[in-house]
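This report concerns the enclosed space and the nonpolar cores of one protein model. Please consult the sequence and the structure shown below.

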Amino acid sequence: MHTLGDVQRVYDLLRRHPTWVDSFWAVVLLAACGVWIAVNPDHVLSPWARAAAVPVSVALAAVVALRRRSPERMLLLAVGTGLLQLAVDVPSGPGDAAFLVIIYTCASTGARWSSRLALVAGLVATPLSMLRWPPHDREATIWTDLLQTFFLTVIYALSWVVGDRLRTRRAYYAELEERAARLHREREAQSKAAVAAERARIARELHDVVAHNVSVMVVQADGAAYVLDVAPDQAKQALATISSTGRQALAEMRRLLGLLRAGDDAGGEYVPQPGVDQLADLIDQVRGAGLPVRFEVSGQARPLSSGVELTAYRIVQEALTNVRKHGGEGVTASVLLGFQDSSLDLLIEDDGRGATRHELYEEGGRDGLGQGLIGMRERIGMIGGTLDAGPRPGGGFRISAVLPLRTGR
């Protein structure tokens with residue numbers, strides 16, 4: 001294991017410094033060129049060509065050493081060196097392997113123009129070499145020369161094809177990585193949006209629970225304090241109402257906390273989401289708090305989706321809460337619930353101060369009370385319904401909502 005670790009460290013070091021590897025092979029190539037220059041007889045390498053072969057070999061070794069650091073420049077150096085070979089009569093030798101290496105490098109990592117130039121240079125290199133230094137075997141026919149030229153050209157072309165395929169593969173993997181990163185960002189954005197939507201929903205639930213039940217408790221507490229000395233029985237009844245309302249608020253708060261503790265096995269008293277069936281109890285509670293409310297139901301009742309059930313309950317709850325808060329002395333209200341063929345219609349009206357409260361709704365309210373109407377619009381928008389809210393012509397305020405019906409729960 002220790003030996004394998006050492007090998008891995010060496011491998012990682014070489015990957016971080018690829019020029020070291022290329023320089024090693026450049027030295028090997030230069031040594032091979034030196035041997036080739038030394039062993040070739042004068043009829044193959046003239047004294048002038050033998051002297052010129054030295055800088056040619058050095059230049060081709062430099063091409064191999066620096067090919068990954070600057071592939072475009074090394075390609076131009078290789079092309080120039082090849083033209084110099086043709087001009088000074090330095091025949092093909094071991095150093096020409098540098099042409100294969102730089103063609104592959106430009107095809108895989110170089111600029112597009114260098115890749116095209118490398119392909120053209122590879123296709124014309126062998127024919128030019130065969131024309132400049134024809135084979136010395138006089139028994140060879142022209143077809144043998146053509147076949148040799150063809151196979152050598154194919155080798156150069158394959159070098160370019162392998163490099164170009166590697167470029168295409170890298171681009172493909174880069175696109176996959178970019179797509180995966182984009183999908184990851186989109187999933188994160190969707191998750192954040194879902195979390196924000198869930199927080200907004202829970203915030204609406206908390207607002208509805210706290211605003212309604214606490215307002216009932218405040219009204220009853222004020223009433224109990226007012227009649228405590230003169231009407232103890234009424235004070236006791238008010239305290240009982242405060243107690244039951246507080247328990248109801250606590251139960252709903254626990255239900256909301258249960259939603260936040262999804263997956264938690266901790267026990268607790270959780271109540272189902274309120275719906276249309278609980279509207280009668282809600283209105284009785286509001287009446288007990290001192291607000292006269294007329295409640296009517298029309299049409300044939302039918303099963304509703306849980307979203308419609310909860311939305312209808314919360315709209316009525318919020319509307320009546322605001323009637324108590326802002327309607328003024330002697331205000332009365334009415335709640336009409338209508339089951340239509342494809343919708344559930346809600347109409348909540350009162351004869352209170354009307355326009356003043358309308359301004360509070362639309363402008364947000366001096367103490368944030370306008371958030372109630374905003375919550376209504378959000379709830380109804382989530383199930384595809386419509387909301388119309390505003391002052392009544394004869395005084396008071398009117399809220400009309402149309403909720404699309406969906407069968408089943």
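**Lining of the largest cavity**

Helix H3 provides the largest share of the lining of the largest cavity, 3 residues. Both H2 (18-39) and H3 (47-65) supply at least two lining residues each; helices (H or I, at least four residues) and strands (E, at least two) are DSSP runs, numbered from the N terminus. Among the lining residues are Cys 33, Trp 36, Leu 60 and Asp 96.

The model is predicted: local features need pLDDT of at least 70, side-chain atom pairs count only at pLDDT 80 or more, and totals for chains, interfaces and linings use all residues. Residues are numbered from 1 along each chain as its sequence is written, and side-chain values use heavy atoms, without hydrogens and water.

**Cavity volume**

The structure holds 2 cavities of 30 Å³ or more, and the largest has a volume of about 60 Å³. A cavity is a set of points on a 1 Å grid over the protein atoms alone where a 1.4 Å probe fits but cannot get out; lining residues have an atom within 4 Å of a point. Grid points are joined across faces, edges and corners, and the volume is the space filled by probe spheres set on the points.

**Nonpolar cores**

The largest nonpolar core (buried Ala, Val, Leu, Ile, Met, Phe, Trp, Tyr and Cys residues joined through side-chain atoms within 4.5 Å; buried means under 20% relative accessible area with a 1.4 Å probe, protein chains only) has 35 residues. H10 gives the most to this core, with 8 residues.

Ile 315 is among the residues with the most contacts inside this core. Beyond its neighbours within four places in sequence, Ile 315 is in contact (heavy atoms within 4.5 Å) with residues including Leu 346, Met 376 and Leu 403. A second, separate core of 21 residues includes Ala 26 and Tyr 156.

Note on methods
1 Å grid on protein atoms, 1.4 Å probe; cavity = no way out; pocket = protein on both sides within 12 Å on 5 of 7 lines; lining within 4 Å. Buried < 20%, exposed > 50% of the residue type's maximum accessible area, 1.4 Å probe, protein only.
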